[in-house]
Every structure is written in structure tokens, then in C-alpha cells.
Amino acid sequence: MSVTSWFLVSSTGIRHRLPREMIFVGRDDCELMLQSRSVDKQHAVINYDKEKDEHWVKDLGSLNGTFVNDVRIPDQKYITLKLNDVIRFGYDILPL
């Protein structure tokens, strides 16, 4: 098992450790809750693959999209996250 830790870093520099499990991102009843009108109640999911030591993000059909490096990712398709990727949920650039 890898000892690598993965973090989401907000635009203000606050670090949020990503667990080695699936987490939901959204406005309501999610492991990572964002207070933005452009974020759906359940907006996206971030999953972890133990064998590859990778995190994947998937948009859950949100209205305003999930972006990796300013590119909107397709709905319902996992995208592998890489070191220094920038993730945005919806259109607001707000702290996590």
C-alpha cells in the first residue's frame, strides 16, 4: 500500500485530505460540502483505486459541470486525477 496522501487544496490554500474511499461532493448531505449555488446537492464523486493508488472524479450529471484543468468532464465518466490537477465544481471559484 502506498504512503502517498492526496489533498484537495482550496483557492485560499486550505488542504482537505482525500480519504482512500469514495466521497461525494455537493451542497447537501455529502462528505465534502460546498456552499455555492452553482453546485448541485450531489454534484460529483471522487473514488479511490487501491491497486493503482489513484483517485478518479466523476460528474453526476450536474447542471453546471465539473472541470479538471478548466476542461468540463463528461457526465457519468470517471477521469483519473494527476498531481497538480485543478478541479472546479460548478462555475464559482470559491474556497472548498
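The following legends describe close-up views of a predicted model.

**Figure 1. The whole chain is built from strands, without helices.** The chain contains zero helices and ten strands, and reading along the sequence gives the pattern β-β-β-β-β-β-β-β-β-β. The C-alpha trace spans about 40 × 30 × 25 Å along its principal axes. A compact globule of 96 residues would have a radius of gyration near 12 Å, and the chain, at 12 Å, agrees with that value. Of the 96 residues in the chain, 40% are buried. The chain exposes about 6,100 Å², of which carbon and sulfur atoms supply 51%. Among contacts between residues at least 6 apart in sequence, 32% join residues at least 24 apart.

**Figure 2. The annotated segment covers residues 23–73.** An unreviewed UniProt entry assigns the annotation "domain: FHA" to these residues. Over residues 23–73 the chain is 45% strand and 0% helix. The C-alpha atoms at the two ends of this segment are 18 Å apart.

**Figure 3. Five strands form an open sheet with mixed pairing.** The order of the strands in this sheet is S4-S3-S5-S6-S9. S4 and strand S9 (79–80) stand at the edges; each has a single partner strand, so one side of each is left without a neighbour in the sheet. The view serves as a guide to the two close-ups that follow.

**Figure 4. Val 25 of the five-stranded sheet is shown with its partners on two strands.** Strand S3 (residues 23–26) pairs with strand S5 (residues 44–49) in the antiparallel sense, over three bridges. The bridge partner of Val 25 in S5 is Ala 44. S3 also pairs with strand S4 (residues 32–33), here in the parallel sense and over two bridges. In S4, Leu 32 stands opposite Val 25.

**Figure 5. S5 and S6 form a hairpin, and S6 also pairs with S9.** S5 and S6 pair in the antiparallel sense over six bridges. One position in this pairing is marked by Tyr 48, whose bridge partner in S6 is His 55. Four residues lie between the two strands of the hairpin. Asp 53, in the turn, has a positive phi of about 50°. The pairing of S6 with S9 is likewise antiparallel, over two bridges. Val 57 has Ile 79 as its bridge partner in S9.

**Figure 6. Three strands form an open sheet with antiparallel pairing.** The strand order is S8-S7-S10. Strand S8 (71–72) and strand S10 (87–89) occupy the edges; each has a single partner strand, so one side of each is left without a neighbour in the sheet. S7 and S8 pair over two bridges in the antiparallel sense. Within this pairing, Phe 67 has Arg 72 as its bridge partner in S8.

**Figure 7. Ser 62 is a buried loop residue.** The loop that holds Ser 62 runs between strand S6 (54–59) and strand S7 (66–68). Ser 62 counts as buried because its relative accessibility is 4%, and the cut-off for buried is under 20%. A polar contact of 3.2 Å joins its side chain to that of His 43. Leaving aside residues up to four places away in sequence, Ser 62 touches Asp 40, His 43 and Arg 72. Arg 72 has already appeared in Figure 6 as the bridge partner of Phe 67.

**Figure 8. Asp 29 and Asp 70 are loop residues with positive phi values.** Most residues other than glycine have a negative phi. Asp 29, which is not a glycine, nevertheless has a positive phi of about 55°. Asp 29 is placed in the loop between S3 and S4, and its relative accessibility of 65% means that it counts as exposed. Asp 70 lies in the loop between S7 and S8. The phi of Asp 70 is also positive, near 65°. With a relative accessibility of 62%, Asp 70 counts as exposed; the cut-off for exposed is over 50%.

Key: Residues are numbered from 1 along each chain as its sequence is written. This is a predicted model: local features need pLDDT of at least 70, side-chain atom pairs count only at pLDDT 80 or more; totals for chains, interfaces and linings use all residues. Side-chain values use heavy atoms; hydrogens and water are left out. Buried means under 20% relative accessible area, exposed over 50%, partly exposed in between (1.4 Å probe, protein chains only). A polar contact is a pair of N or O atoms within 3.5 Å; within protein, one must be able to donate a hydrogen and the other to accept it, and residues adjacent in sequence count only if both atoms are side-chain atoms. Contact means heavy atoms within 4.5 Å. UniProt positions are given in the numbering used here, feature names are shortened, and annotations may be inferred rather than shown by experiment. Two strands pair if DSSP finds at least two bridges between them. The radius of gyration is taken over C-alpha atoms; the globule rule is 2.2 Å times the number of residues to the power 0.38. Accessible areas come from the Shrake-Rupley method with a 1.4 Å probe; for residues, only the protein chains shown count as cover.
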